[in-house]
Amino acid sequence: MKAIVRETYGPPDVLYLEEVALPTVGDGDVLVRVQAASANAGDWHLLRGTPFLFRLVAGLRTPKFKIIGNDIAGCVEAVGRNVTKFRSGDEVFGELSRCGFGAYAEFAAAPEKALALKPANLSFEEAAAIPTAGCTALQGLRRGRIERGQRVLINGASGGVGTFAVQIAKTFGTEVTAVCSTRNVDAVRSIGADHVLDYTKDDFAAIGQRYDVILAANGDRSIWDYKRALTADGTYVMTGGSNRQLTDALLFGPLLSIGRQKLGNVLVKPSQADLLFLKELCEAGKIRPTIDRRFPLREVPAAVRYLEDGHARGKIVITI
Ligand SMILES: NC(=O)c1ccc[n+]([C@@H]2O[C@H](COP(=O)([O-])OP(=O)(O)OC[C@H]3O[C@@H](n4cnc5c(N)ncnc54)[C@H](OP(=O)(O)O)[C@@H]3O)[C@@H](O)[C@H]2O)c1
């Protein structure tokens, strides 16, 4: 099969297209003929081996994972003898970060718990956009103790995670304020945001509005700014953004959470139940992935470079 591989850590130039053997399919595994994959910020961390902490799981000097990529959608080609939920021909989508990655290839093998049946009303490209970004947004909002009637602020609302977060927050019956730059204001409003703040002109921390839930999908603000914009028992959840946002959440989050406000971060956990939850939202017409650009398999290096620039509008999809 054709796959995008790499031998060393480095910039996207270390990636190249090669003919490789099909992945091994264990008794509990499903072999998927990949139709589409999607790129995530995690790709370039894994590719460059930065921050260095990544290398504790990904290989200290030489990367363990030759084929990167988390998110896939495709057709089941074959199943191991212990697989009960899927059969050949099923259309599935899933997340491979806990089973060795490998999305940027014509075939991928995954345990059945990493997969779910694809939303029937979505294309493979749309389905491949969901797993990592959709689950991050969902798990972040749940950690934020989201409830009907609350005011929710999403910073970084125009990216892969943010576009899901805005739509998912609306499905909980909340009033959503999205923060993005001027060029994305209309797009973010079109996916359901009730209010939009343009971060080049407006400062959410200075306008005097308080939010029950704040999700930082991206951005570079101090935790003190987020705290100031929270209600007395509000919750701030950081899922992404600058190193400062991450360090603030890790260092100060526990201390600032001693009272009624809760501040911290979330690391996404692959979850078949969450994939099924998102599939139902898609099929009910309540959310739809926002796709910015599509790149063919051989152009994965360009896709990762584009994502690394930090201005994607929604998700970047790889067509296989
Ligand atoms: N916690 C986890 O488990 C987890 C999982 C997935 C991703 N992540 C992290 O989450 C972050 C976002 O992921 P993503 O896929 O959404 O990334 P992305 O798609 O690359 O985000 C790009 C978007 O962020 C916006 N943005 C950039 N700087 C901003 C700023 N200062 N304020 C507000 N918005 C800004 C950009 O809008 P403009 O062009 O208009 O600036 C662009 O639309 C990344 O840091 C990623 O590593 C974490």
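## The parallel sheet

Strand 8 (residues 151-155) and strand 9 (residues 175-180) run parallel and are joined by five bridges. Among the paired positions, L153 has T177 of strand 9 as its bridge partner. The model described here is predicted.

This pair belongs to an open sheet of six strands, arranged in the order 10-9-8-11-12-13 with parallel pairing. The edges are formed by strand 10 (195-198) and strand 13 (262-265); each has a single partner strand, so one side of each is left without a neighbour in the sheet. On average, neighbouring strands are turned by 15° against each other, direction ignored. Strands of a sheet pair through backbone hydrogen bonds, in either a parallel or an antiparallel manner.

## A helix across the sheet

Helix 8 (residues 243-256) lies across four strands of the model: strand 8, strand 11 (211-216), strand 12 (230-238) and strand 13. Relative to strand 13, helix 8 runs at about 145°.

## The ligand site

The ligand is surrounded by 26 residues, of which S181, Y199, V268, H311 and A312 are the closest. By class, this shell comprises nine nonpolar, 15 polar and two charged residues.

Polar atoms of the protein approach the ligand from both side chains and backbone. A polar side-chain atom of H311 is placed 2.6 Å from an oxygen atom of the ligand, and an N or O atom in the side chain of R183 is 3.2 Å from a ligand oxygen atom. At V266, a backbone N or O atom lies 2.7 Å from a nitrogen atom of the ligand. On its own the ligand has 930 Å² of accessible area, and the protein covers 86% of this.

## Backbone conformation in two loops

Two loop residues merit separate mention for their backbone geometry. Most residues other than glycine have a negative phi, and most peptide bonds are trans.

The peptide bond from T50 to P51 is cis, with omega near -10°. P51 is placed in the loop between helix 1 (41-48) and helix 2 (55-58). F101, a residue other than glycine, has a positive phi, near 60°. The loop that holds F101 lies between strand 5 (91-95) and strand 6 (107-111).

Conventions: Residues are numbered from 1 along each chain as its sequence is written. This is a predicted model: local features need pLDDT of at least 70, side-chain atom pairs count only at pLDDT 80 or more; totals for chains, interfaces and linings use all residues. Side-chain values use heavy atoms; hydrogens and water are left out. A residue is near a molecule or strand if one of its heavy atoms lies within 4 Å of it. A polar contact is a pair of N or O atoms within 3.5 Å; within protein, one must be able to donate a hydrogen and the other to accept it, and residues adjacent in sequence count only if both atoms are side-chain atoms. Accessible areas come from the Shrake-Rupley method with a 1.4 Å probe; for residues, only the protein chains shown count as cover. Ala, Val, Leu, Ile, Met, Phe, Trp, Tyr, Cys and Pro count as nonpolar, Asp, Glu, Lys and Arg as charged, and the others, Gly among them, as polar. Two strands pair if DSSP finds at least two bridges between them. Helices (H or I, at least four residues) and strands (E, at least two) are DSSP runs, numbered from the N terminus. Axes are lines fitted to C-alpha atoms, for helices over the stretch in contact, and angles run from 0 to 180 degrees between N-to-C directions. Contact means heavy atoms within 4.5 Å.
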